[in-house]
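Hello,

Here is the structure I promised to pass on to you. Please open it first, and then read on for a short tour of what turned up.

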Amino acid sequence: MANIKKLSEQIANQISAGEVVERPASVVKELIENSLDADADEIEITITDGGKELIKVKDNGRGIRRDEVELAFSRYATSKIEEIDDLYSLGTLGFRGEALASIAAVSKMTAKTSYQDEEKGTKLVLHGGTVQTRETIGFARGLEITVEDLFYNTPARHKYLKKTTTEAARVSRIVTAAALSRPDVKFTLKHNDHTTINTPGNGQLKAAVYSIYGDEIYEQLIPVEFKENFISVTGYLVKPQALRSSRQHQFYFVNKRPVYNKYLRLAVEEAYREMYGIKKYPIVFLNIDLNPILVDVNVHPTKREIKFSRGKDIKRTIKSNIKDILQQNGKPTYHSYTGKGKHHDKLDYTRKSRPKSEQHKPVEYLPSRLDLTGNMIKEDSRSDRPGPQGPQANITDRTPERSDAQSQGQGSKQVQESSPAERRTVIGQLHNLFIVVESEDGLLLVDQHNAHERIIFEELKEKIDTKTNPSRMLLTPISLNLTAQEKEILLEIRSELEKIGFEIEEFGPASYALAAVPFFLPENAPEENVLDIINHLLETTNMTEKSELVDEALKYNSCRKAIKEGKRLEHQEMAVIITRLFETSNPYYCPHYRPIILDYSLDELKQQVERYE
Ligand code: ADP
Ligand code: MG
């Protein structure tokens, strides 16, 4: 065994670099934090090859004094803390004095800087943390750091870098988070000469969101603002139409710092799940301001994960407020004329053009008539012939007793606003599109297609959950003409497809055919409609998690089966739709998360005719 020796500064820096610098994104994060700490209001980030080749961060902050430049790149050098007590009152993002030294230790770095009103600037070049050259230069106020060949001298780390697109995506997420956390700062990100992020820096979160996410998300934003006890929250969530299948687009900022925290995440996700009963993830941009005493930021060296004392209280407060806000939004209300909508800038429930899937010509086997003499909406007579699974009813043969039980349970439980026995009277139909209903406290306009879609979806879902064999064998198998990529997807989702009732047969190494289809497709369903569903599933799997395929298939099918806009309905039919609708788990949104009901309270209507009493 060798004698004990003190590590050289260079080795020590390389070791600490391992903690601070994992990949290009962590370099970018540290440099951005430094720029923000230096009060920059413009930060320009440039990367090539995902940052593996080059990372440049340029700011217009305070800059570094000529006589302190070398110091800034040595370990434990920081201008942000002098005594250990400062740790608790710190407003800055970094204070360990490690980042610059660590990054310099594992790269070839060039720093150009000029401090406040010093006349000249400095250019410093370091390789592996050792100063190569120092020059005096003319340079505008601020700091520009260029990091080249990250991990060139630590091959073990270099090996762990991922492919360009992966590293670039990580950098992009860091910059996105920073830009959203500080809408008052103008951020730009360029990757291989393409500008991918460019925020206005005008102080408005909404504007930053718009510049990054575009108008599609922008239009779905729900403003959030509340203050309770020690916690104050502002920002935006999204309407349930804009949910995503991953958490990638959730941003939480605690005291302006992008963070991960389990309680925050659960607060928001549980609120959505309880409101809408769905498994997808909301897009989240939330600023949470808390007394810093409750926050322990530096549990993790890269400061992403934070801990709260009173985490559970924080979660409870946020969750219940968010549920209130979603509730307001989940039950669309017409507020725009009074501007009194607490949480809405303006509500726009005008009909958007339908997604492509719905614009197809009506499918052959759709019911052309709703037979609603009893409780049942039956299929068109062409498919009325009882098959192995009985008639292909859109609406099941539920007994009335059971419906009552349901309306008292599920319907009101999830939506939490309709009392069990709320009275609703159908008044009539509006332009063959809306069902007009008098409710206990006002007026409902119910979109007939969206409502029917929700009803069918839940019926099918219940059937699929209770059926032991969801398949219907075909007399002649339907062969599938698939591209190589589609075949791959097919194999990947095969077991899910079989859960829904498809049976896939292999003919030779690369040909497939359907031997059975789900029970919810009628026996005489034309081949192209079956293929249509398969194709739809193959197309959506990229965005959909496997477990959601069943829902996806049902949604697709419900949408195709539901009565369309333009269809004249009998009074009885409308009555059944309304009753059934309020028995579902969410009468307010269709499975594609489009609103079903426009809800006008009597108070609002009275206000509009200026009747105040
Ligand atoms: P820390 O941020 O923890 O203090 P760093 O190694 O990141 O440690 O930075 C060391 C010091 O260099 C900082 O304390 C600051 O004084 C100075 N510095 C770093 N980046 C900038 C910048 N963009 N503008 C001005 N000064 C900077
Ligand atoms: Mg720092």
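One thing to keep in mind from the start: this is a predicted model. I will begin with a sheet, move on to the helices, and end with two loop residues.

**The sheet**

The sheet is open and has eight strands, in the order β5-β4-β3-β6-β2-β1-β7-β8, with mixed pairing. At its edges stand β5 (130–137) and β8 (194–198); each has a single partner strand, so one side of each is left without a neighbour in the sheet. From one strand to the next, the twist averages 10°. As a bit of background, strands in a sheet pair through backbone hydrogen bonds, and the pairing can be parallel or antiparallel.

A good way in is to start at β1 and follow its pairings. Strand β1 covers residues 42–48 and runs antiparallel to β2, residues 54–59, with six bridges joining the two. Within this pair, I45 stands opposite V57, and T46 has K56 of β2 as its bridge partner. β1 and β2 form a hairpin with five residues between the strands.

β1 also pairs with β7, and here the two strands run parallel, again joined by six bridges. If you want a residue pair to find on screen, look for E42, whose bridge partner in β7 is K186.

Going from β2 the other way, you come to β6 (residues 142–148), which runs antiparallel to β2 and is joined to that strand by six bridges. K58 stands opposite E144 of β6.

At the β8 edge, β7 and β8 pair in the antiparallel sense over four bridges, and L189 stands opposite I197 of β8. These two strands form a hairpin with two residues between them, and N192 in its turn has a positive phi of about 40°.

**A helix on the sheet, and its partner**

What lies across β1, β7 and β8? The answer is helix α6 (residues 164–181), which runs at about 175° to β7 (186–191).

α6 also packs against another helix, α7 (residues 205–218), at an angle of about 155° and with the axes 9 Å apart. That angle is over 145 degrees, so α6 is roughly antiparallel to α7. On the α6 side the contact involves T176, A179 and L180, which meet L205, A208, V209, I212 and Y213 in α7. By class, these residues are seven nonpolar, one polar and no charged.

**Two helices that meet α15**

Further along the chain, helix α15 (residues 549–561) comes together with helix α12 (residues 448–466): their axes come within 8 Å and cross at roughly 135°. That makes α12 oblique to α15, and the crossing is right-handed. The residues that meet are H449, H452, E453, I456, F457, L460, K461 and I464 in α12, and V550, D551, L554, K555, N557, S558, C559 and K561 in α15. They divide into seven nonpolar, four polar and five charged.

Helix α13 (residues 484–500) packs against α15 as well, at an angle of about 50° and with the axes 9 Å apart. These two helices are therefore oblique to each other, and their crossing is right-handed. The contact is made by I493, E496 and I500 of α13 together with L549, V550 and A553 of α15. In this contact there are five nonpolar, no polar and one charged residues.

**Two loop residues to look at**

Most residues other than glycine have a negative phi. With that in mind, have a look at D49: its phi is positive, about 50°, although D49 is not a glycine. D49 sits in the loop between β1 and β2. Is D49 buried or exposed? Neither quite fits, because its relative accessibility is 27%, which counts as partly exposed.

K256 is also a residue other than glycine with a positive phi, near 75°. You will find K256 in the loop between β11 (250–254) and β12 (257–259). K256 counts as partly exposed because its relative accessibility is 48%.

That is the tour. I hope it helps you find your way around, and do write back with any questions.

Best wishes

Definitions and conventions. Residues are numbered from 1 along each chain as its sequence is written. Chains are lettered from A and ligands numbered from 1 in the order in which they are written. This is a predicted model: local features need pLDDT of at least 70, side-chain atom pairs count only at pLDDT 80 or more; totals for chains, interfaces and linings use all residues. Side-chain values use heavy atoms; hydrogens and water are left out. Two strands pair if DSSP finds at least two bridges between them. Axes are lines fitted to C-alpha atoms, for helices over the stretch in contact, and angles run from 0 to 180 degrees between N-to-C directions. Contact means heavy atoms within 4.5 Å. Angles under 35 degrees count as roughly parallel, over 145 as roughly antiparallel, 65 to 115 as roughly perpendicular and the rest as oblique. A crossing is left-handed if the near helix is turned anticlockwise from the far one by less than a right angle, and right-handed if clockwise. Ala, Val, Leu, Ile, Met, Phe, Trp, Tyr, Cys and Pro count as nonpolar, Asp, Glu, Lys and Arg as charged, and the others, Gly among them, as polar. Buried means under 20% relative accessible area, exposed over 50%, partly exposed in between (1.4 Å probe, protein chains only).
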